[in-house]
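Hi,

Here is the structure I promised to pass on. Have a look, and then read on for what turned up.

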Amino acid sequence: MDTNPVPAEWEHITKIDPEEEKKLPLLFPLYLQHTGALEVGGSKDVTGQNTEETLELVSGRPRPAIQEPSGVRQVTERTREQADYFAVPQVLNGDTEAIVGTLGSGIEYLREELGPEYLDDKLPIPLGEGLERRVVSLFSAWTLQEAVFEAYIIMNLDSAAAREASVTEDDLLSPRAAKQRAMVAETVFESEIVYLEYSGTFGGEEAVEILEDVSDALSWSRLWYGGGLDSRENVEAVLEAGADAVVVGNVFHEIADEEADLCADAVEALSTDATHGDIESWLSDECDVAETSAAEYLSTIPSLSNPTARAREYLVSTIEAALALEALRSELDGEVTSEAELATALDRRDELPGGIELSNVLGDDEQSFPRDLVAGLLAEDLDLDAEALPVEHISVA
């Protein structure tokens with residue numbers, strides 16, 4: 001019986017970086033409906049706040065979310081509530097700080113800060129020092145018991161992950177050494193995931209050799225590969241070499257950068273009542289869809305038969321939504337002065353920008369999301385003081 005809590009059916013995971021420069025596509029659930037899970041974390045400029053904001057946007061929309069912190073203060077009471085899984089990274093080929101020191105500081109943070117804060121928030125009266133200490137200790141043990149552990153083998157010295165874990169030239173592993181470390185991770189550390197990480201660059205033949213050796217040695221842990229995946233050919237190579245799943249990150253954020261420019265150009269070039277056909281024709285003239293980041297990201301999903309056609313569909317829908325947002329902004333500018341007036345104005349509309357596309361992807365309990373997204377974007381644009389989704393993480397905000 002497979003007792004590993006990380007689902008075996010996850011073949012494709014999308015890595016989402018909370019760093020504020022890393023944006024999300026406007027209609028991001030359209031893309032994420034094809035992935036297996038969303039892993040939220042990064043190695044640079046990640047905080048508890050921007051992790052909470054990112055999880056608020058993506059958690060369950062439309063796939064389960066995993067929080068993978070690179071620092072203890074990225075874990076908050078709110079992130080633990082938002083994420084479906086909590087992943088603790090271990091670096092098998094870094095210095096001892098990458099495993100023992102980091103995990104030790106994490107346990108200290110759980111016991112001495114997060115746990116007591118959680119109790120203070122939840123309990124109506126103090127329990128007394130002795131009982132509170134025991135409850136906090138149980139809280140910390142439960143949190144780690146519920147976590148899954150990702151045992152990393154980092155092979156790109158130019159990456160932020162390598163710098164954070166102090167991985168040097170001497171720490172790079174041969175296929176046999178990687179296999180041995182992976183066996184320790186599975187049998188001694190009981191790591192649910194062994195993660196071969198090339199972080200931003202494709203490992204090529206070297207990665208394939210390592211995956212073949214490591215895959216033969218593992219029977220319980222999931223084997224994941226991440227790094228430089230932006231084509232079906234590379235994804236198929238690492239899956240055939242024995243990876244259980246691929247992790248795709250950079251190219252997903254590149255969709256957002258690309259579409260922000262496309263939408264800005266479309267607003268300049270097209271009228272806000274342009275037809276679907278007008279937009280499709282304009283897009284074909286403006287770029288080669290097969291060469292876009294949208295098509296590259298979708299090509300990394302083995303189950304998707306025609307990624308270029310799907311990319312064209314999603315880019316056209318995104319431009320339609322951007323034009324509709326521009327029309328709404330122009331119509332409401334000066335007409336609404338508060339969040340309540342904005343909500344009333346949106347309630348009177350049968351359709352909202354991107355609403356149909358998003359509603360077709362999200363479940364019944366998420367039908368308010370298209371409205372909340374539009375409200376957040378318009379409130380930001382119209383300079384309204386409103387409590388809304390953290391739309392600063394959206395590409396066209």
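A quick definition to start: buried means under 20% relative accessible area, exposed over 50%, and partly exposed in between (1.4 Å probe, protein chains only). Bear in mind that this is a predicted model, where local features need pLDDT of at least 70, side-chain atom pairs count only at pLDDT 80 or more, and totals for chains, interfaces and linings use all residues. Residues are numbered from 1 along each chain as its sequence is written, and side-chain values use heavy atoms, with hydrogens and water left out.

On to helix α8 (helices are DSSP runs of H or I, at least four residues, and strands are runs of E, at least two, numbered from the N terminus). Its buried residues are G204, A207, V208, I210, L211 and V214. Seen down the axis of α8, they fall within an arc of 165° (taken from the directions from the helix axis to the C-beta atoms), so they line one face of the helix. That fits the general rule: an α-helix has 3.6 residues a turn, so residues three or four places apart point the same way.

What do the buried residues of α8 pack against? They pack against α7 (175–187), β6 (193–197), β7 (222–226) and α9 (232–240), with contact meaning heavy atoms within 4.5 Å. On the face turned away from the buried side, α8 carries the exposed residues E205 and D216.

As for the whole protein chain, there are 16 helices and eight strands, and 49% of the 397 residues count as buried.

Cheers
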